[in-house]
Amino acid sequence: MANQDLELIRHALEVARANGIAELELEVGDLAFSATLSPRPAPTRVLASAEHREPSDGDELKSIVSPLVGYLNSAKEALTVGQTVSKGSVVAVVSALGLANDVECPFDGEVVEVLVEPDSPVEYGQTIAKVRVAP
């Protein structure tokens, strides 16, 4: 199967998923492909987001870390420097094994540094962002 055929199949699958299509049949020339797509699972919540203290000189900085290995995706709103976050708010999503896992902020504060770009791979315990903790 040629690379162009694989790209065509990938594109058709992405379009089908984006539009909620459950079954796909593709036929171009002598290429025939069919697939049944299962619905994407709802995101699950990960309550245990490890917390790591950074050394500070006056400000108390804490890290939001990835609770598992996967790919980082933005929550509804991408993390940005200066953004105010609150304890329990979903600040990112880590996709692992086809499941979307919410990453909750374990404290209130202001984002001072974002260390991982969306769609990047993350490791367990890797710092996603640093937050100046609200007093």
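This section describes the fold, strand pairing, nonpolar cores, salt bridge and backbone features of a predicted model.

The protein chain comprises one helix and twelve strands. Read from the N terminus, the order of elements is α-β-β-β-β-β-β-β-β-β-β-β-β, with the helix preceding the run of strands. Of the 135 residues in the chain, 34% are buried. The exposed surface of the protein chain amounts to about 8700 Å², of which carbon and sulfur atoms supply 51%. Among contacts with a separation of 6 or more, 53% involve residues 24 or more positions apart.

Confidence in the prediction was examined next. The protein chain has a mean pLDDT of 81, and 82% of its residues reach 70 or more. Over residues 46-55, however, pLDDT stays under 50. For this segment the model has 26 contacts beyond four places in sequence.

Two antiparallel pairings illustrate the strand arrangement. Strand 1, which covers residues 23-28, pairs with strand 2, residues 31-36, in the antiparallel sense over six bridges. Within this pairing, L26 has F33 of strand 2 as its bridge partner. The two strands form a hairpin with two residues between them, and G29 in the turn adopts a positive phi of about 60 degrees. The other pairing joins strand 5 to strand 12, again in the antiparallel sense, over five bridges. Strand 5 spans residues 61-65, and four of its five residues are buried, so this strand is largely enclosed by the rest of the structure.

The pairing of strands 5 and 12 can be followed at T127. This residue belongs to strand 12, which runs over residues 127-133, and stands opposite V65. T127 has a relative accessibility of 18% and therefore counts as buried, the limit for that class being under 20%. Leaving aside residues up to four places away in sequence, T127 touches S63, I64, V65, L115 and V116. Three of these contact residues, S63, I64 and V65, fall within the range of strand 5.

In soluble globular proteins, nonpolar side chains tend to be buried together. In the present model, the largest nonpolar core has 17 residues. The residues with the most contacts inside this core are I64, L72, L79, V85, V91 and V103. Strand 8, residues 90-96, and strand 12 each supply at least two residues of the core, and the largest share, four residues, comes from strand 12. Strand 12 thus appears both in the antiparallel pairing with strand 5 and as a contributor to the core. The surroundings of L72 were also listed, not counting residues up to four places away in sequence: L72 touches A92, V93, V94, V116, E117, P118, D119, S120, V122 and I128. A second, separate core consists of eight residues, including I9, A12, A16 and L37.

The count of salt bridges comes to one. The pair concerned is E110 and R132, whose closest N and O atoms are 3.7 Å apart. E110 lies in strand 10, residues 109-114, and R132 lies in strand 12, so the salt bridge ties together parts that are 22 residues apart in sequence. Both partners are partly exposed: the relative accessible area is 33% for E110 and 32% for R132.

Positive phi values also occur in residues other than glycine. L97 has a positive phi of about 55 degrees and is located in the loop between strand 8 and strand 9, the latter covering residues 99-104. With a relative accessible area of 88%, L97 is exposed. D119 likewise has a positive phi, near 70 degrees, and is found in the loop between strand 10 and strand 11, the latter covering residues 121-122. The relative accessible area of D119 is 58%, and this residue is therefore classed as exposed, the class requiring over 50%. D119 is also one of the residues touched by L72, which itself is among the residues with the most contacts inside the largest nonpolar core.

Conventions. Residues are numbered from 1 along each chain as its sequence is written. This is a predicted model: local features need pLDDT of at least 70, side-chain atom pairs count only at pLDDT 80 or more; totals for chains, interfaces and linings use all residues. Side-chain values use heavy atoms; hydrogens and water are left out. Buried means under 20% relative accessible area, exposed over 50%, partly exposed in between (1.4 Å probe, protein chains only). Contact means heavy atoms within 4.5 Å. Two strands pair if DSSP finds at least two bridges between them. A nonpolar core is a set of buried Ala, Val, Leu, Ile, Met, Phe, Trp, Tyr and Cys residues joined through side-chain atoms within 4.5 Å. Accessible areas come from the Shrake-Rupley method with a 1.4 Å probe; for residues, only the protein chains shown count as cover. A salt bridge is a side-chain nitrogen of Lys or Arg within 4 Å of a carboxyl oxygen of Asp or Glu. pLDDT is the predictor's confidence in each residue, from 0 to 100.
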